[in-house]
Amino acid sequence: MRLGGAGCINIELPDRIATASDQLVRKGVLKETELDEMVEPMLRWKFLLGLFDDPYVDPEKPIASWLRRARALALEAARRSITLLKNEGGIAPLI
């Protein structure tokens with residue numbers, strides 16, 4: 001049973017899969033070195049992307065930042081969509 005190596009796509013898996021892989025290692029079906037080969041690329045990329053730089057970030061901070069950008073974009077869209085009318089002859093129903 002080959003689970004890793006060249007040509008294999010490694011993905012992050014849920015906890016129950018991690019538990020199952022631990023059981024496979026304990027039973028001798030999967031070598032710990034093979035598991036290491038599968039996990040290493042994910043951890044390397046996470047490290048290179050800076051995901052381990054500050055592991056204790058405030059989970060609300062990214063959401064607040066996104067909301068600020070979304071509100072600014074909505075405001076800009078509203079400003080650009082305003083149409084000024086010159087109501088010559090009382091055609092438009094403006095009071």
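**View 1. Glutamate 76 and arginine 80 pair in helix α3.** In this predicted model, glutamate 76 counts as partly exposed, with a relative accessibility of 33%. Its partner in a salt bridge is arginine 80, and the closest N and O atoms of the two residues are 2.5 Å apart. Both residues belong to helix α3, which covers residues 60-81, and because they are four residues apart there, about one helical turn separates them. Arginine 80 reaches 68% relative accessibility and therefore counts as exposed. Side chains of opposite charge can pair when their charged atoms come close.

**View 2. Arginine 26 and aspartate 22 form a salt bridge in helix α1.** The structure holds three salt bridges, and in the one shown here the closest N and O atoms of arginine 26 and aspartate 22 are 2.9 Å apart. Helix α1, made of residues 15-27, contains both partners, which are four residues apart, or about one turn of the helix. Arginine 26 has a relative accessible area of 67% and is exposed, whereas aspartate 22, with a relative accessible area of 33%, is partly exposed.

**View 3. Arginine 44 meets glutamate 40 in helix α2.** The side chains of these two residues, arginine 44 and glutamate 40, come together in a salt bridge with an N to O distance of 2.9 Å. Both lie in helix α2, where four residues, about one turn of the helix, lie between one position and the other in the count. Arginine 44 is partly exposed, its relative accessible area being 38%, and glutamate 40 is also partly exposed, with a value of 39%.

**View 4. Valine 39 belongs to a nonpolar surface patch.** The patch has an area of about 860 Å² and is made by Val39, Leu43, Trp45, Phe47, Leu48, Leu49, Leu51 and Phe52. Valine 39 is located in helix α2, which spans residues 32-48. With a relative accessible area of 31%, valine 39 is partly exposed, and because residues of such a patch must have over 30% relative accessible area, this value allows valine 39 to be counted in the patch.

**View 5. Glutamate 32 lies in helix α2 and is exposed.** The relative accessible area of glutamate 32 is 53%, and since exposed means over 50%, this residue falls into that class. Glutamate 32 and serine 21 are eleven residues apart in sequence, while in space the distance from C-alpha to C-alpha is 9.4 Å.

Notes:
Residues numbered from 1 in each chain as written. Predicted model: local features only at pLDDT ≥ 70, side-chain atom pairs only at ≥ 80, totals over all residues. Heavy atoms only, no water. Patch = residues over 30% accessible without salt bridge, like charges linked within 9 Å, V, L, I, M, F, W, Y side chains within 5 Å. Areas by Shrake-Rupley, 256 points an atom, 1.4 Å probe, with all protein chains shown as cover. Salt bridge = Lys/Arg side-chain N within 4 Å of Asp/Glu carboxyl O. Helix = DSSP H or I, 4+ residues; strand = E, 2+ residues; numbered from the N terminus. Buried < 20%, exposed > 50% of the residue type's maximum accessible area, 1.4 Å probe, protein only.
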